[in-house]
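Reader: I am new to this structure and would like to learn how to read it with care. Could you take me through it one feature at a time?

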Amino acid sequence: THRRRLRSMSRLGQYRVDRELGRGAMGVVYQAQHLLLQRPAALKILAPDLVDAASRARFEREVRLAAKLQHPSVVQVYDFGVTAEGLFFYAMELLDGITVRDLISNHAPLSPARAADIVRQVAQALREAHGKRIIHRDLAPANLMLTVRGETYDVVKVLDFGLVKRIRTVDQGGPKLRAVL
């Protein structure tokens with residue numbers, strides 16, 4: 001029933017749902033439009049068959065942790081909510097571009113300067129995440145998108161913070177929680 005509702009969904013809270021963009025382990029991503037702001041967004045909706053307390057808690061951690069990251073090379077989270085039907089979702093910036101996986105598949109080899117620039121941007125985004133004790137556990141070419149911002153090409157966006165896990169570490173100051181993405 002939830003799956004049928006997802007397929008026929010045309011509106012979710014303040015968002016008009018336009019079309020499905022993809023599916024992952026945690027949920028489905030849709031292209032959408034914020035109705036009042038008229039801003040495009042990508043909506044990630046927790047897969048209905050994962051709606052149990054542990055999955056909801058994991059999904060909420062994913063959203064909260066991703067929202068803490070403000071680096072220009074990390075996809076930005078805009079909103080989070082629960083529908084009247086109990087579907088958990090979050091809205092993030094909608095990206096237009098190509099994944100590094102597709103770039104390599106279709107245009108390899110890359111020039112050393114271009115490859116170095118991509119790696120530099122990813123490293124800078126990870127430096128911010130690591131500074132906030134967040135580690136991305138699925139860094140792969142499919143989770144790196146190249147976009148255009150203004151007249152700047154090859155702007156990297158690190159995607160998919162779906163592998164959220166909290167682990168306990170011990171520092172000099174005693175036990176601390178560290179988020180692992």
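Author: We will begin with confidence and then turn to the sheets and the helices that lie on them.

Reader: What is the mean pLDDT of the chain, and where is confidence lowest and highest?

Author: Where pLDDT is low, the predicted coordinates should not be read in detail. This is a predicted model, and the mean pLDDT of its chain is 82, with 83% of the residues reaching 70 or more. Confidence is lowest in strand β11, residues 165-171, where the mean is 41, and highest in helix α3, residues 100-107, where the mean is 96.

Reader: Over which residues does pLDDT stay under 50, and how many contacts beyond four places in sequence does the model have for them?

Author: One such stretch is residues 163-172, for which the model has 33 contacts beyond four places in sequence; another is residues 174-181, for which there are 38 such contacts. Where pLDDT is low, the coordinates should not be read in detail.

Reader: Let us turn to the sheets. In what order do the six strands of the open sheet come, and which are the edge strands?

Author: The order is β1-β2-β3-β4-β6-β5, and the pairing is antiparallel. The edge strands, each of which pairs on one side only, are β1 (11-12) and β5 (77-82). Strand β5 is joined by five bridges to strand β6, residues 88-92, and the two run antiparallel; within this pair, G81 stands opposite F89 of β6.

Reader: Which strands does helix α2 lie across, and at what angle does it run to β6?

Author: Helix α2, residues 53-68, lies across β4 (39-46), β5 and β6, and its angle to β6 is about 15 degrees.

Reader: What is the strand order in the open sheet of three strands?

Author: That sheet has the order β7-β9-β10, again with antiparallel pairing. Its edge strands are β7 (97-99) and β10 (152-158), each pairing on one side only, and from one strand to the next the twist averages 30 degrees. Between β7 and strand β9, residues 144-149, there are three bridges in the antiparallel sense, and I98 has L146 in β9 as its bridge partner.

Reader: Which strands of this sheet does α3 touch, and which does helix α4 lie across?

Author: Helix α3 packs on the sheet and touches β7 and β9, its direction making about 85 degrees with that of β7. Helix α4, residues 112-131, lies across β9 and β10 and runs at about 40 degrees to β10.

Technical notes
Residues are numbered from 1 along each chain as its sequence is written. This is a predicted model: local features need pLDDT of at least 70, side-chain atom pairs count only at pLDDT 80 or more; totals for chains, interfaces and linings use all residues. Side-chain values use heavy atoms; hydrogens and water are left out. pLDDT is the predictor's confidence in each residue, from 0 to 100. Helices (H or I, at least four residues) and strands (E, at least two) are DSSP runs, numbered from the N terminus. Contact means heavy atoms within 4.5 Å. Two strands pair if DSSP finds at least two bridges between them. Axes are lines fitted to C-alpha atoms, for helices over the stretch in contact, and angles run from 0 to 180 degrees between N-to-C directions.
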